[in-house]
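Let's walk through this one together, from the big pieces down to single residues. Have the viewer open as you read.

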Amino acid sequence: MKTKAFIIILFTSTTIFSQKFEGLAKTPPMGWNSWNKFACQVDEKLIRETADAMVSSGMKDAGYQYINIDDCWQGKRDSLGFIHPDPERFPSGMKNLADYIHSKGLKFGIYSDAGWKTCGGRAGSRGYEFQDAMTYARWGVDYLKYDWCNTEGLNAEGAYLTMREALYSAGRPIVFSICEWGGNKPWDWGKSIGHLWRTTGDISNCFDCIVDHGSWKSWGVMQILDMQEGLRVHAGPDHWNDPDMMEVGNGMTNNEDRAHFSMWCMLSAPLIAGNDLRNMSESVTNILTNKKVIAVNQDKLGIQAFKHSAEDSLEVWYKPLSDNEWAVCFLNRSTTPKSFEYIWKQKQIEDNFSSRELNVKDIEYNILDLWINNNLGTTNNNLSYEIPAHDVLMVRLIPIP
Ligand code: GLA
């Protein structure tokens, strides 16, 4: 009798602690995160104003949902081990802030680290995973980014699994963002643990550069793009490759911002803005809220683009979409404009991974320019075009019935 009861308890507890919350990120998550622009300078005023701006700028209407506080929100643990926010920066407390964000129809995200300390030296979750998860659930957190600093000796998959179980047992559905930087190949094990995983180290606000910080480097948009090679087969609805938060609006040119945003949409990347939403130029707002480009990112098939060709700094990327449509992005990586003539009739394309084909022999497709919202003819004709430096032409191909 005793053994039976024990087996039942064991069975129940493993059932409870054995999965991620499914279905929270059927399309790539969209939101904002404080780190790229504000680093450690976060407080409740900034977060509230950002939530306001997400609504007033039209970003919420375009699909953005999450307001995520990155590192440095933490104060101290109390004598029972519970974490509290920095009382000077967040005097009203996290529950209050979460309520405010929710009252705007938005969702609330927070940050912690699998190690003893976060990258910014605040308290990490190591040893407190279940207690922290319970605290986040009480506060009304909807999204957790979980970093990988100060984890010497830890097994990555195991550490993220522990937090997944902690979140699940706390009972509140929370998107779990694995921020391990790619070193332990999270694409091989992340699917059952989290909803997205970083594939690289940190992004930097430059189009094509490497920033050397001594013991580590951060990467320009093109460098991060190149590191996505081979990873598309691992991504899909509810489990995304994360090439890091965006730098749109953080100092690149308008053309570069547009190219960066377009490529993140092609990659089915999480669209987490990283700029100051309270002070956006009209051109930055227009980039971040372009619904036709966002629709490529949010397409329900969830298939990441692939690079079809790269010649003389001009890359052509293809992304299969639902209803047999395709997104195609011509990316000019060079510092001078590029003219080209594209002969669609020679581009019969098969994507073995998704079992989709672009059948230009039998089907004529309309070509819609997604940035200018202009029809560029059909695939029965050649396309002549000039793309400015560090910019894109991004189109949608729509079969003509
Ligand atoms: C790491 C992460 C960044 C950011 C910082 C915070 O570098 O990769 O995205 O969260 O830590 O300290």
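Throughout, contact means heavy atoms within 4.5 Å, and helices (H or I, at least four residues) and strands (E, at least two) are DSSP runs, numbered from the N terminus. This is a predicted model, so to speak of local features we need pLDDT of at least 70, side-chain atom pairs count only at pLDDT 80 or more, and totals for chains, interfaces and linings use all residues. Residues are numbered from 1 along each chain as its sequence is written, and side-chain values use heavy atoms, with hydrogens and water left out.

Start with the overall layout. The domain assignment, whose bounds come from an automatic or database source, gives domain 1 (30–297) and domain 2 (306–399). Their C-alpha centres lie 31 Å apart, and the contact takes 27 residues from domain 1 and 26 residues from domain 2. Together the two domains bury about 2,200 Å², with 65% of that on carbon and sulfur atoms; buried area here is the accessible area (1.4 Å probe) that two parts lose on being put together, summed over both.

Now zoom in on helix H7 (residues 156–170). With 15 residues at 1.5 Å a residue, H7 should span 21 Å, and its end C-alpha atoms are indeed 21 Å apart; the expected span is 1.5 Å times one less than the number of residues. Its buried residues are Ala 156, Ala 159, Tyr 160, Met 163, Arg 164, Ala 166 and Leu 167. Looking down the axis of H7, these buried residues fall within an arc of 160°, so they line one face of the helix; the arc is that of the directions from the helix axis to the C-beta atoms. Buried means under 20% relative accessible area, exposed over 50%, and partly exposed in between (1.4 Å probe, protein chains only). What do the buried residues of H7 pack against? The partners are helix H6 (129–139), strand S6 (143–147), strand S7 (175–178) and helix H8 (186–189). As for what comes after, H7 is followed by Gly 171, whose phi is positive, near 90°.

H6 is worth a look in its own right. Of its 11 residues, 8 are buried, so H6 is largely enclosed by the rest of the structure. Charged and aromatic names turn up in that buried set, including Glu 129, Asp 132, Tyr 136 and Trp 139. The buried residues of H6 pack against S6 and H7, and also against strand S3 (74–77), strand S4 (83–85), helix H5 (94–103) and strand S5 (107–113). H6 is followed by Gly 140, again with a positive phi, near 95°.

Next, Pro 29, in the loop between helix H1 (2–16) and strand S1 (30–33). Pro 29 is buried, with a relative accessible area of 5%. Among the residues it touches beyond four places in sequence are Tyr 66, Tyr 143 and Trp 240. Tyr 143 also contacts Asn 68, a residue of strand S2 (residues 66–68) that counts as buried at 3% relative accessibility.

Finally, some backbone oddities. Most residues other than glycine have a negative phi. Asp 238, though not a glycine, has a positive phi of about 80°, and at 8% relative accessibility it counts as buried. Asn 373 has a positive phi of about 60°, but counts as partly exposed at 48% relative accessibility.
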